[in-house]
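Take a first walk through this structure. The sequence and the model come first, and the explanation follows.

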Amino acid sequence: MRVALDGMLVNQCVSGVETAIYALAGALAEHGTASYRFYLPRACPQPVIEAGERFRTRRAPVRATNRLFRILWEQFAMPLRLRADGVDLLHAPGYLAPWMTRKPVVLTVYDLIALDHPRLCRRLNAWNYRLTLPHSIRRANGIIVPSQATARSLAQRFPKAAAKTTVIPLGVAPSFTPCEAAGDLARLRRAYGLPAHFLLFVGQLEPKKNLPMLLEAFALLQRETGCPHKLVLAGRRGWGCEPIDDTIEAFGLHDDVLILGAVP
């Protein structure tokens with residue numbers, strides 16, 4: 001069997017979905033038993049994944065950062081590419097599958113935020129998902145979700161999807177092991193100016209993460225318990241993150257919140 005993996009969302013792997021897709025491709029290249037074709041956008045900075053003839057990376061003539069052209073390529077050009085590459089099955093690990101393909105599709109849906117809370121998404125994303133996600137879910141032969149919570153949300157909104165939904169938790173990369181080297185830890189603390197004790201948030205700073213609520217809760221924790229910890233936010237600034245700065249200002253948290261930006 002030849003399986004296609006849609007990696008058109010992958011760019012710099014600064015978001016969770018990007019990281020999950022690219023890591024899945026690497027794991028399939030190492031451990032998979034089928035033949036794979038992995039589609040990446042042009043100029044994607046991630047290393048090309050190859051494993052002989054069994055796993056090949058194909059470049060699409062659009063950039064991941066050009067959202068409109070990427071959507072058009074996935075919807076209209078990808079079905080032709082699947083046919084030309086002799087693909088038997090498409091795994092769409094980024095929520096959406098092309099309307100036009102007649103190939104069997106396995107879909108990965110991480111959440112339904114774009115449908116349940118569209119105001120927390122970019123306008124084009126909300127419009128695109130509202131238009132194409134329901135069709136992708138109904139059309140998919142199988143659906144993968146990372147949690148029971150997403151499975152419940154999916155079944156509530158699309159009852160017929162429950163029978164074809166499988167919960168597969170996201171994996172943990174081998175690099176995520178406790179660091180026991182005191183020298184490495186000390187260098188990391190110095191590099192990022194980390195305090196002795198802190199609470200850590202990891203993720204892109206964007207509306208759907210509800211960080212103003214986290215900041216308000218942290219301020220309440222400090223006021224009511226005298227908590228000595230600082231709050232460290234590790235993640236790239238996304239769209240609509242101005243309320244984070246406003247909340248820090250409103251609660252006087254300038255000396256207690258450290259925003260690191262994107263962290264390798």
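A residue is buried when its relative accessible area is under 20%, exposed when that area is over 50%, and partly exposed in between. R2 has 24% relative accessibility, so R2 counts as partly exposed. Keep that scale in mind. The model is predicted.

Start with the sheets. One open sheet has seven strands. Their order is 3-2-1-4-5-6-7, and the pairing is parallel. Strand 3 and strand 7 (165-167) stand at the edges. Each has a single partner strand, so one side of each is left without a neighbour in the sheet. From one strand to the next, the twist averages 20°. Look at one edge in detail. Strand 6 (residues 142-145) runs parallel to strand 7, and three bridges join them. There, I143 stands opposite T165 in strand 7.

A second open sheet has three strands, in the order 8-9-10. Its pairing is parallel. At the edges stand strand 8 (198-202) and strand 10 (257-261). Each of these has a single partner strand, so one side of each lacks a neighbour in the sheet. Here the twist averages 20° from one strand to the next. Strand 8 and strand 9 (residues 230-234) run parallel and are joined by five bridges. Within this pair, F201 stands opposite L233 in strand 9. Helix 7 (residues 211-225) packs on the sheet and touches strand 8, strand 9 and strand 10. The direction of helix 7 makes about 165° with that of strand 9.

Now turn to the nonpolar cores. The largest has 50 residues. Among those with the most contacts inside it are F38, F55, V109 and L133. I137, I143 and L154 belong to that group too. Helix 1 (residues 16-31) supplies the largest share of this core, five residues. Apart from it lies another core, of 13 residues. L211, C241, I244 and V257 are among them.

What does I137 touch, leaving out residues up to four places away in sequence? Its contacts are L107, V109, L112, I143, L154, F158, A161 and K164.

T247 gives a view of another region. T247 sits in helix 8 (residues 242-250). Is T247 buried or exposed? Its relative accessible area is 11%, so T247 is buried. T247 touches P212, L215 and E216, again leaving out residues up to four places away in sequence. T247 and P212 are 35 residues apart along the chain, yet their C-alpha atoms are separated by 5.9 Å.

Next come the charged side chains. Side chains of opposite charge can pair when their charged atoms come close. How many salt bridges does a search of the whole structure find? It finds 13.

One of them joins E53 and R2, with the closest N and O atoms 3.8 Å apart. This pair links distant parts of the chain. R2 is in strand 1 (residues 2-6), while E53 is in the loop between strand 2 (35-41) and strand 3 (55-60). The two are 51 residues apart. E53 has 45% relative accessibility, so E53 counts as partly exposed.

A second salt bridge joins R157 and D116, whose closest N and O atoms are 2.7 Å apart. R157 lies in helix 5 (residues 148-157) and D116 in helix 3 (residues 113-116), so the pair ties together parts that are 41 residues apart in sequence. R157 is partly exposed, because its relative accessibility is 40%. D116 is partly exposed as well, at 36%.

A third joins R237 and D245, at 2.9 Å from N to O. R237 has a relative accessible area of 40%, so R237 is partly exposed. For D245 the value is 33%, so D245 is partly exposed. Salt bridges that share partners also build one network, made of R2, R37, E50, E53 and R56.

Cysteines come last. A disulfide is a covalent bond between the sulfur atoms of two cysteines. How many disulfides does a search of the whole structure find? The search finds zero. C241 is in no disulfide, and the nearest cysteine sulfur, that of C121, is 15 Å away. At 8% relative accessible area, C241 is buried. C44 is buried too, with a relative accessible area of 6%.

Note on methods: Residues are numbered from 1 along each chain as its sequence is written. This is a predicted model: local features need pLDDT of at least 70, side-chain atom pairs count only at pLDDT 80 or more; totals for chains, interfaces and linings use all residues. Side-chain values use heavy atoms; hydrogens and water are left out. A nonpolar core is a set of buried Ala, Val, Leu, Ile, Met, Phe, Trp, Tyr and Cys residues joined through side-chain atoms within 4.5 Å. Buried means under 20% relative accessible area, exposed over 50%, partly exposed in between (1.4 Å probe, protein chains only). Helices (H or I, at least four residues) and strands (E, at least two) are DSSP runs, numbered from the N terminus. Contact means heavy atoms within 4.5 Å. A salt bridge is a side-chain nitrogen of Lys or Arg within 4 Å of a carboxyl oxygen of Asp or Glu. A disulfide is a pair of cysteine sulfur atoms within 2.5 Å. Two strands pair if DSSP finds at least two bridges between them. Axes are lines fitted to C-alpha atoms, for helices over the stretch in contact, and angles run from 0 to 180 degrees between N-to-C directions.
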